[in-house]
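Me: I would like to go through this model carefully, one question at a time, starting with a helix and then turning to the interior.

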Amino acid sequence: AVKLGLVSSNPDDATTPPKPIVKEMEFLDQSEVHRLLIAAQTSGYHRFALLHLAVATGMRQGELLGLKWDDLDLQGKTLSIKRQVKRIPGGGYKFTPPKTKAGKRTIGLGETSTDILATHFRNQLDFKVSAGERWQEHGLVFASTVGTPMTARNVLRMFRKVLQDADLPRIRFHDLRHTAVSLMLNNGIDVFVVSRRIGHSKPSTTLDVYGHLIASSQERAAELIDTLISPISVENPSSTAPAAPE
């Protein structure tokens, strides 16, 4: 209306918008991740592979649920993120591009991750046979028992059950993304690599969001720089000045 000259000013400019409530970031440490994945191994055909890949890559939930077998190169140990699943209000779903331009990316996989995904592929073939004509083929890596995209509600229900079985605090599924970043940053993986893996457009974004997680690196950095600049053993000078010669 302002651009069209219908009003002289925007009345919203005189308002004070409420500050957004930021959800406190939560994440699991290394031992808790071990407990989570051990509990997931006995809880369902897709649960272990889904949770393992979530922590191994830091992928968003929509990206995981939109991942297709054609996006994986198990021989080359990579996966390509090309889409995400979004639910349509009122029912149904659609595949959309990743959240940001940087979200369209390729992620390297470790040997354990590729082995787990290969086993998951064989298990999914068995489910296709048991589902019979009910199976709807979408080529999804993490599908429902009839081949359709998993719903966020069912994922959350499954995740909470695994957390309970592992005697872990109730966290959001999205906190697995925070967990992945925390593990990478606190184990010396360069922030540039981390930002590329999780789909941030630049490392500064990763540092803005997760910089507080690497505060523990300050001590290691201080010790390392001392080692780098001190080629020989250095003794502190005595606080007592030597006597002047007679």
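Me: How far apart should the ends of helix H4 be, and what separation do its end C-alpha atoms have?

Reply: This is a predicted model, in which local features need pLDDT of at least 70, side-chain atom pairs count only at pLDDT 80 or more, and totals for chains, interfaces and linings use all residues. Residues are numbered from 1 along each chain as its sequence is written, and side-chain values use heavy atoms, with hydrogens and water left out. Helices are DSSP runs of H or I, at least four residues, and strands are E runs of at least two, numbered from the N terminus. The expected span is 1.5 Å times one less than the number of residues, so the 21 residues of H4 (111-131) should cover 30 Å, in agreement with end C-alpha atoms that are 30 Å apart.

Me: Which residues of H4 are buried, and why do they line one face?

Reply: Taking buried as under 20% relative accessible area and exposed as over 50%, with partly exposed in between (1.4 Å probe, protein chains only), the buried residues are Ser113, Thr114, Ile116, Leu117, His120, Gln124 and Ala131. Judged by the directions from the helix axis to the C-beta atoms, these buried residues line one face because they fall within an arc of 150°.

Me: Which elements do the buried residues of H4 pack against?

Reply: On the other side of H4, Glu111, Thr112, Asp126, Val129 and Ser130 are exposed. With contact meaning heavy atoms within 4.5 Å, the buried residues pack against helix H2 (47-57) and strand S1 (72-73).
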